[in-house]
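Colleague: I am new to this one. Could you walk me through the model?

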Amino acid sequence: SDESAWGLTPATADHDAASCNDDEFYDCVETAADLDLILLGKAPTEDINNCQPDHFSDVRGDCTDLLPARMVLERTLELFGQRASELAHCGPELEWADLSAAKRMLRATELDVKKAVDMFVQALELRARYRELFQTLQCKTCCDIRVFARDVEDHPVIHMCARSLNVPIGAIREQFVVTFEAACRATTKEGRVTFVIDMHGMRPRLYMNASAIKDLADTLGTVFAERIHRVIIIDFSRCAQAAWWLLRPLLCQKTRDKFAFINRAKAEDVCREIFCDGDFQRMRGTFDINRDPHASEEARALHARRTTVCDAPLGPPLK
């Protein structure tokens with residue numbers, strides 16, 4: 001078959017993931033204090049060039065005064081109705097537009113009402129544009145991104161390994177949206193999601209589409225504003241830094257500060273702390289199979305189906 005195990009026809013790889021070696025990977029050595037911050041969900045700001053982290057505070061803001069949130073919600077619905085009248089009166093996205101979403105937009109913009117309204121309107125427009133995707137949570141799959149488990153603080157955890165992606169980054173958009181939406185539905189309206197992204201086997205040329213990365217960043221920063229708890233990036237390669245520098249300016253500072261770059265050994269330490277023992281063992285097995293040069297794409301796809309906790313996007317979990 002010309003299709004990969006993920007369902008899409010792969011691009012020809014410059015090199016197979018099996019040919020990657022440890023020397024190709026960038027290791028930002030973190031101190032014990034830095035790792036403590038990661039475990040608490042407070043990742044250090046990462047400067048890829050000089051590895052001098054600037055620690056951040058996980059300032060959520062309680063928005064106990066609902067008046068600003070109501071102002072944001074009312075103004076957003078008014079503007080959205082003017083811009084998309086044919087959608088505004090019947091779309092399910094309006095059910096999503098509530099005070100909880102308004103509060104998230106306010107926190108994301110540091111209580112700037114005007115910016116929060118602009119962000120909220122953009123989020124509604126994106127949800128209206130991709131209405132069927134958000135309603136069905138069905139899409140073509142092109143990699144192993146999935147809801148892997150819950151951490152010990154009950155945050156849904158999304159996992160992906162770059163080795164599974166054999167097509168340009170733009171092809172992942174729908175699967176990314178479906179996975180993130182499924183994770184958000186598995187928590188509260190203001191709950192947050194943890195990402196564990198394993199960059200082992202990354203093919204950098206597949207990530208060099210600035211337009212596709214901007215599109216993902218727009219969705220991340222609007223529809224899923226204030227939904228990220230932390231993002232753990234494992235074995236980030238030197239040659240992959242260009243992809244990060246494309247994405248970095250598109251993310252707000254609060255989101256950038258939630259990224260932590262660590263190697264596989266440190267990732268196991270972190271996962272041991274954030275998962276129950278059973279889920280930790282499954283994550284360690286996931287690291288192993290994705291680094292096994294003899295593991296076929298089909299075997300890795302089957303493993304992904306066996307290590308997911310919901311139907312979207314890969315289909316019902318397998319035993």
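Colleague: Happy to start with the strands: in which sense do β5 and β7 pair?

Modeller: This is a predicted model, where local features need pLDDT of at least 70, side-chain atom pairs count only at pLDDT 80 or more, and totals for chains, interfaces and linings use all residues. Residues are numbered from 1 along each chain as its sequence is written, and side-chain values use heavy atoms, without hydrogens and water. Strands here are DSSP runs (E, at least two residues; helices are H or I, at least four), numbered from the N terminus, and two strands pair if DSSP finds at least two bridges between them. Four bridges join β5 (residues 228–234) to β7, and the sense is parallel.

Colleague: Which residue of β7 is the bridge partner of Val231?

Modeller: β7 covers 259–262 and, like β2 (146–150), is an edge strand, pairing on one side only. The open sheet runs β2-β3-β4-β5-β7. In β7, Val231 has as its bridge partner Phe259.

Colleague: Where does the largest nonpolar core lie?

Modeller: Such a core is a set of buried Ala, Val, Leu, Ile, Met, Phe, Trp, Tyr and Cys residues joined through side-chain atoms within 4.5 Å, buried being under 20% relative accessible area with a 1.4 Å probe, protein chains only. The largest has 69 residues, and helix α6 (residues 113–129) gives the largest share, nine. Both domains, with bounds from an automatic or database assignment, contribute residues, so the core lies between domain 1 (65–136) and domain 2 (145–307).

How values were computed. Buried means under 20% relative accessible area, exposed over 50%, partly exposed in between (1.4 Å probe, protein chains only).
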